[in-house]
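The exercises below ask you to read a protein model piece by piece, with the sequence and the structure open beside you. Try each task yourself before you follow the solution.

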Amino acid sequence: MSHASAFDFSSAATGVLFQNKPITYLSPWIAKSHAAAQEDGRHFAVLTPGTAAISLPLSMLLSEPGCQWLATSADGTFFDGFTGRVHSWNGEVFEPLDELAEDFLLTPRTPGGLLHVRAETMHPASLGTRIGDFTVQLFTELTGHPPVGWGRSEPVSEPWDTAAITAHCYDRAPETSVLLAVGQPRVGTAAASIAVVKVERSAAGVHESVELLAESADPLGSDQLEAFAARMHRSHARTAVLGHAVGFSNLARPARFTGMSVPACAFFGSEALQDFGARQALAAAGPRARLIGVPPVQSLAVNYAQEPASEEKHPLEAWAELAGKLSGRLPG
């Protein structure tokens, strides 16, 4: 089936949408065009000005296999908005070249900072399961308030309602549900917090995973990180990692080098420690780690150094190594 009308331009292999806006969101039209490209078996590309930014939900969609975010330079060339790699159009697809766009590298960063959280929990596959309560805990801990709205595209259309969200996910199961959630800004900031919530069924249960951004002028202090880990323990999180990042504009990702969010706190719940053992995990995590709770329900939390320390590994490396050990991918 052909959905050529869903695109501004298309080839047999690629459907392209032009978005000439300062910030591009995951609108219903973009969601519809993406679905059309998937049904046709085409690549899907969104083309924006090089000065533009994209929202978290659109960023996550365009990070999927078969999708591209191409930004335009002043000289009319294209570059990948995530990596800066220059691309050329060969008549069917955008092909990467072995060079980086100067626009991607040279533009100064936006000074604003943000909190970046990825967390997940697993619910039993039962009629009593409530989807969204875990997301509420995350928003409340990081912004002081529960989310205010949800939907499947931007702007969200529904007021936050855990019962309605649970029913929506139940009706779509066993298909995966991907929802958007928005909340109030953190105190002292202006940008509304935003999250993408993915709900998946498996043989083990129902997975609720959340990726959340909240504006924050300063990194969280040790007391706030300990409060975050304690909230994750009470909320039965399976894993969570809270990081600090800079360079975004009102929580939107620019087509510029922003670096990665640096972990400030990593959390592994009792379920994640089940095979490794809490005491063994504490020993593997090093002196910055601590256990929360009492046996047999104990979690592991690690606060990483936020200033460079020559005698310690970078937080990204330390967190990746610990996660690999606890999951069995790396030797303990």
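**Exercise 1. Describe how strands β10 and β15 pair, and then place them in their sheet.**

Solution. Begin with the two strands themselves: β10 (residues 113–123) and β15 (residues 206–215) are paired in the antiparallel sense, and 10 bridges hold the pairing. To see one of these pairings in the model, which is a predicted one, find Met122, whose bridge partner in β15 is His207.

Next, widen the view to the whole sheet, which is open, has 10 strands with antiparallel pairing, and follows the order β12-β11-β13-β14-β15-β10-β16-β18-β20-β19. At its edges stand β12 (158–159) and β19 (289–294), each of which pairs on one side only.

Finally, look for a helix on this sheet: α8 (residues 315–327) packs there and touches β10, β16 (239–246), β18 (262–268) and β20 (297–303), while its direction makes about 20° with that of β18.

**Exercise 2. Follow the partners of β20, and decide how well this strand is covered.**

Solution. Take β18 first: it is joined to β20 by 4 bridges, and the two strands run antiparallel, with Ala266 having Val302 of β20 as its bridge partner. Then turn to β19, which also runs antiparallel to β20 and is joined to it by 6 bridges; here Arg290 has Ala301 as its bridge partner in β20. The chain passes from β19 to β20 in a hairpin, through 2 residues. As for covering, 6 of the 7 residues of β20 are buried, so that the strand is mostly covered.

**Exercise 3. Is His233 buried or exposed, and which residues does it touch?**

Solution. First locate His233, which belongs to helix α6 (residues 222–234). Its relative accessibility is 18%, and because buried means under 20%, His233 counts as buried. Then list its contacts, leaving aside neighbours within four places in sequence: they are Phe267, Ile292, Gly293, Val297, Gln298 and Ser299.

**Exercise 4. Apply the reasoning to Ala285, and find what lies around it.**

Solution. Ala285 is part of helix α7 (residues 278–285). With a relative accessible area of 19%, Ala285 is buried. If residues up to four places away in sequence are not counted, Ala285 touches Leu300, Val302 and Leu322. As a further step, compare sequence with space: Glu321 is 36 residues from Ala285 along the chain, yet their C-alpha atoms are separated by 9.1 Å.

**Exercise 5. Work out where the buried residues of helix α5 lie, and what they pack against.**

Solution. The buried residues of α5 (residues 162–172) are Thr162, Ile165, Thr166, His168 and Cys169. Seen down the helix axis, these buried residues fall within an arc of 160°, and therefore they line one face of α5. On the other side of α5, Tyr170 and Asp171 are exposed. The buried residues pack against α4 (133–143), β11 (149–151), β13 (177–182) and β14 (194–201). To complete the picture, examine the N-terminal end of α5, which is capped by Asp161: one of its side-chain oxygens lies 3.0 Å from the backbone nitrogen of Ala163.

**Exercise 6. Identify the residues with the most contacts inside the largest nonpolar core.**

Solution. A general tendency helps here: in soluble globular proteins, nonpolar side chains tend to be buried together. In this model, the largest nonpolar core has 35 residues, and those with the most contacts inside it are Val117, Leu138, Leu142, Leu212, Phe228, Met232 and Leu242. Helix α4 gives the most to this core, namely 5 residues. Now take Met232 as an example: apart from neighbours within four places in sequence, it is in contact with Ala119, Phe134, Leu138, Ala237, Ala240 and Phe267. Another core, of 21 residues, lies apart from the largest one and includes Ala37, Cys67, Ala71 and Phe104.

**Exercise 7. Explain why β1 and β9 each have a side without a neighbour in their sheet.**

Solution. Write down the strand order of this open sheet of 7 strands, which is β1-β2-β4-β6-β7-β8-β9, with mixed pairing. β1 (9–10) and β9 (94–100) stand at the edges and have a single partner strand each, so one side of each is left without a neighbour in the sheet. For β1, that partner is β2 (residues 14–18), to which 2 bridges join it in an antiparallel run; Ser10, for instance, has Gly15 of β2 as its bridge partner. Helix α1 (residues 28–40) packs on this sheet and touches β2, β4 (43–49) and β6 (67–72), its direction making about 145° with that of β4.

Notes:
Residues are numbered from 1 along each chain as its sequence is written. This is a predicted model: local features need pLDDT of at least 70, side-chain atom pairs count only at pLDDT 80 or more; totals for chains, interfaces and linings use all residues. Side-chain values use heavy atoms; hydrogens and water are left out. Buried means under 20% relative accessible area, exposed over 50%, partly exposed in between (1.4 Å probe, protein chains only). The arc is that of the directions from the helix axis to the C-beta atoms. Contact means heavy atoms within 4.5 Å. A polar contact is a pair of N or O atoms within 3.5 Å; within protein, one must be able to donate a hydrogen and the other to accept it, and residues adjacent in sequence count only if both atoms are side-chain atoms. Two strands pair if DSSP finds at least two bridges between them. Axes are lines fitted to C-alpha atoms, for helices over the stretch in contact, and angles run from 0 to 180 degrees between N-to-C directions. A nonpolar core is a set of buried Ala, Val, Leu, Ile, Met, Phe, Trp, Tyr and Cys residues joined through side-chain atoms within 4.5 Å.
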